[in-house]
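Work through the exercises below with the sequence and the structure in view. Each task is followed by a solution in steps.

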Amino acid sequence: MGNVKMITRYRTFDIKKNDSGKLVVSFDSHLLSRTPYEFEPQFEIVSEAEDAIDQYWRKEARRFSEGMLR
């Protein structure tokens, strides 16, 4: 990924700025008992990255709830 600068952490995800100025969202597996995850798209502004993170957690919560109902 090259040189990245940490911008903020939001709901267990790191939001970092890469060399091209785009925001990259990822988390390390040590924070959660899951494999490392990185969003495919890169974002222009922090609020876009935060919206994508919120959407990720909504999907995870829905998937968890559906699994509990089975």
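## Exercise 1: Aromatic residues

In this predicted model, Phe-13, Phe-27, Phe-39, Phe-43, Tyr-56 and Trp-57 form one aromatic cluster.

**Task.** State how the rings of Phe-13 and Tyr-56 are arranged, and do the same for Tyr-56 and Trp-57.

**Solution.**

Step 1. A search of the whole structure finds seven aromatic pairs. In one of them, the ring centres of Phe-13 and Tyr-56 are 5.2 Å apart and the planes stand at 80°, so this pair is edge-to-face. The cut-off for that label is an angle over 60 degrees.

Step 2. Place the two residues in the chain. Phe-13 belongs to strand E2 and Tyr-56 to helix H1, and the pair links parts of the chain 43 residues apart.

Step 3. Turn to the rings of Tyr-56 and Trp-57. Their centres are 5.0 Å apart with planes at 80°, so this pair too is edge-to-face.

Step 4. Check the accessibility. Phe-13 and Tyr-56 are both buried, with a relative accessible area of 11% for Tyr-56. Trp-57, at 21%, counts as partly exposed, because the limit for buried is under 20%.

## Exercise 2: The order of elements

**Task.** Which pattern does the protein chain follow when read along the sequence?

**Solution.**

Step 1. Count the elements: the chain has one helix and four strands.

Step 2. Put them in order. The pattern is β-β-β-β-α.

Step 3. Add the overall figures. Of the 70 residues, 27% are buried. The chain exposes about 5100 Å², and carbon and sulfur atoms supply 49% of that area.

Step 4. Consider contacts between residues at least 6 apart in sequence. Of these, 26% join residues at least 24 apart.

## Exercise 3: Strand E2 and its partners

**Task.** Which strands pair with E2, and in which sense?

**Solution.**

Step 1. Start with E1 (residues 5-10). E1 and E2 pair in the antiparallel sense over five bridges, and Arg-9 stands opposite Asp-14 in E2.

Step 2. Look at the turn between them. The hairpin of E1 and E2 has two residues between the strands, and Arg-11 there takes a positive phi near 50°.

Step 3. Go on to E3 (residues 23-27). E2 and E3 run antiparallel and are joined by four bridges; Lys-17 has Leu-23 in E3 as its bridge partner.

Step 4. The hairpin of E2 and E3 has five residues between the strands, and Gly-21 takes a positive phi near 90°.

Step 5. Ask how far E2 is covered. Four of the five residues of E2 (residues 13-17) are buried, so the strand is largely enclosed by the rest of the structure.

## Exercise 4: Salt bridges

**Task.** Where in the chain do the partners of the salt bridge between Asp-54 and Arg-11 lie? Describe two further salt bridges in the structure in the same way.

**Solution.**

Step 1. The structure holds four salt bridges. Side chains of opposite charge can pair when their charged atoms come close.

Step 2. Asp-54 and Arg-11 meet in a salt bridge at 3.3 Å, N to O. Asp-54 lies in helix H1 (residues 46-69) and Arg-11 in the loop between E1 and E2, so the pair ties together parts 43 residues apart in sequence. Asp-54 counts as buried, at 15% relative accessibility.

Step 3. Lys-22 forms a salt bridge with Glu-44, with 2.1 Å between the closest N and O atoms. Lys-22 is in the loop between E2 and E3, and Glu-44 is in the loop between strand E4 (37-38) and H1, so parts 22 residues apart are tied together. Lys-22 is partly exposed at 28%, whereas Glu-44 is exposed at 52%.

Step 4. Asp-14 and Arg-9 also form a salt bridge, their closest N and O atoms being 2.7 Å apart. Asp-14 is buried at 4% relative accessibility, and Arg-9 is partly exposed at 48%.

## Exercise 5: The nonpolar core

**Task.** Which element gives the largest share of the largest nonpolar core?

**Solution.**

Step 1. List the members. The core has twelve residues: Tyr-10, Phe-13, Ile-15, Leu-23, Val-25, Phe-27, Phe-39, Phe-43, Ala-49, Ala-52, Ile-53 and Tyr-56.

Step 2. Sort them by element. E2, E3 and H1 are the elements that give two or more residues.

Step 3. The largest share comes from H1, with four residues.

Note on methods. Residues are numbered from 1 along each chain as its sequence is written. Side-chain values use heavy atoms; hydrogens and water are left out. Buried means under 20% relative accessible area, exposed over 50%, partly exposed in between (1.4 Å probe, protein chains only). Contact means heavy atoms within 4.5 Å. Accessible areas come from the Shrake-Rupley method with a 1.4 Å probe; for residues, only the protein chains shown count as cover. Two strands pair if DSSP finds at least two bridges between them. A salt bridge is a side-chain nitrogen of Lys or Arg within 4 Å of a carboxyl oxygen of Asp or Glu. A nonpolar core is a set of buried Ala, Val, Leu, Ile, Met, Phe, Trp, Tyr and Cys residues joined through side-chain atoms within 4.5 Å. Rings of Phe, Tyr and Trp (its six-membered ring) pair if their centres lie within 6.5 Å; planes under 30 degrees apart count as stacked, over 60 as edge-to-face and the rest as tilted.
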